[in-house]
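Here's a quick briefing to read with the model open. Two topics are covered: a pocket and one serine.

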Amino acid sequence: MKKIFYILFVFNMGVFSCSNNNETPIENIDIEEETIPEENNDPPAAKTFKILSLGDSYTIGQSVCEACRFPNQLKDSLQNYFSDEDTFNLDIIAQTGWTTNSLKNNINSSNPDADKDLVTLLIGVNNQYQGIAFSLYETQFPELVETAKRLAKGNKNNVVVISIPDYAYTPFGQNSINSPKISTELDTYNTFAKNYCATNNITFVNITDITRMGLQNTNLVAIDGLHPSELAYTKFVERLLPLAIEKLKN
């Protein structure tokens, strides 16, 4: 009898011990089912990018084909990088012989929409070539940068200023008695532009060194013996493209 009582006592103690265990009974645990997000297989929406290039003969591409000038090469390179569904529209306000004053006046008369995703500015060589006082460039270059910013949706990050090529390193420039003076004066223009852009956080791209290889590599000079060739513009775009991609992606 005592043996039976002892067994029952031990059994009851075991049940009591289990019932006071801190573990939650499995039937009372709520198990949340993992929610798997549905895949979105919709293609990204196609975009239309608007590019505006402002300048002079170096922008309009004097003596090279339309597809050869740097704004068109930049547009084509961007199209190759982005989706085939995306569209790139290019406008150019530039003419051979334009000074900063000419460009200002023609922008005002053209009155382009201020909805551009990218604006390039390359201006000043004709100020130097025509012997116009440098002080005019000091006044009008900043004004043109501000205009470019306004046309780029008011966003200075969408603006790229390009340095002035050095035509002293062409057959035309070498025939000038002032060949060394050309380079010195253009350095003054480019240094001013570079410093202004640095102070105002505007992207500045130097391509002058490319054009200074024009005597050792005649393929960099167009058939007129003065302006950059298609190859030279291709080299411009190699420097411009990574910056343009980054700006358009943002």
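The largest pocket in this predicted model has a volume of about 160 Å³. Its lining comes first below, and then we turn to Ser163 and its surroundings.

**The largest pocket**

- Helix 2 (57-60) and helix 5 (125-129) are the elements that each give two or more residues to the lining of this pocket.
- Helix 5 puts in the largest share of that lining, with 3 residues.
- The full set of lining residues is Ser57, Tyr58, Thr96, Gly97, Val125, Asn126, Tyr129, Tyr167, Phe172, Leu226 and His227.
- Sorted by type, the lining has 6 nonpolar and 5 polar residues, and no charged ones.

**Ser163: where it sits**

- Look for Ser163 in the loop that runs between strand 4 (159-162) and helix 7 (171-174).
- Is Ser163 buried or exposed? Its relative accessible area is 1%, so Ser163 counts as buried, the cut-off being under 20%.

**Ser163: what it touches**

- Leaving out residues up to four places away in sequence, Ser163 is in contact with Leu122, Asn190, Phe204, Val205, Asn206, Ile207 and Thr208.
- With Asn206, there's a side-chain to side-chain link: a polar contact of 3.2 Å.
- With Ile207, the partner is the backbone: the side chain of Ser163 reaches the backbone nitrogen of Ile207 at 2.8 Å.

Notes:
Residues numbered from 1 in each chain as written. Predicted model: local features only at pLDDT ≥ 70, side-chain atom pairs only at ≥ 80, totals over all residues. Heavy atoms only, no water. Helix = DSSP H or I, 4+ residues; strand = E, 2+ residues; numbered from the N terminus. Buried < 20%, exposed > 50% of the residue type's maximum accessible area, 1.4 Å probe, protein only. Polar contact = N/O pair within 3.5 Å; in protein donor to acceptor, adjacent residues only side chain to side chain. Contact = heavy atoms within 4.5 Å. 1 Å grid on protein atoms, 1.4 Å probe; cavity = no way out; pocket = protein on both sides within 12 Å on 5 of 7 lines; lining within 4 Å. Points joined across faces, edges and corners; volume = space filled by probe spheres on them. Nonpolar A, V, L, I, M, F, W, Y, C, P; charged D, E, K, R; others polar.
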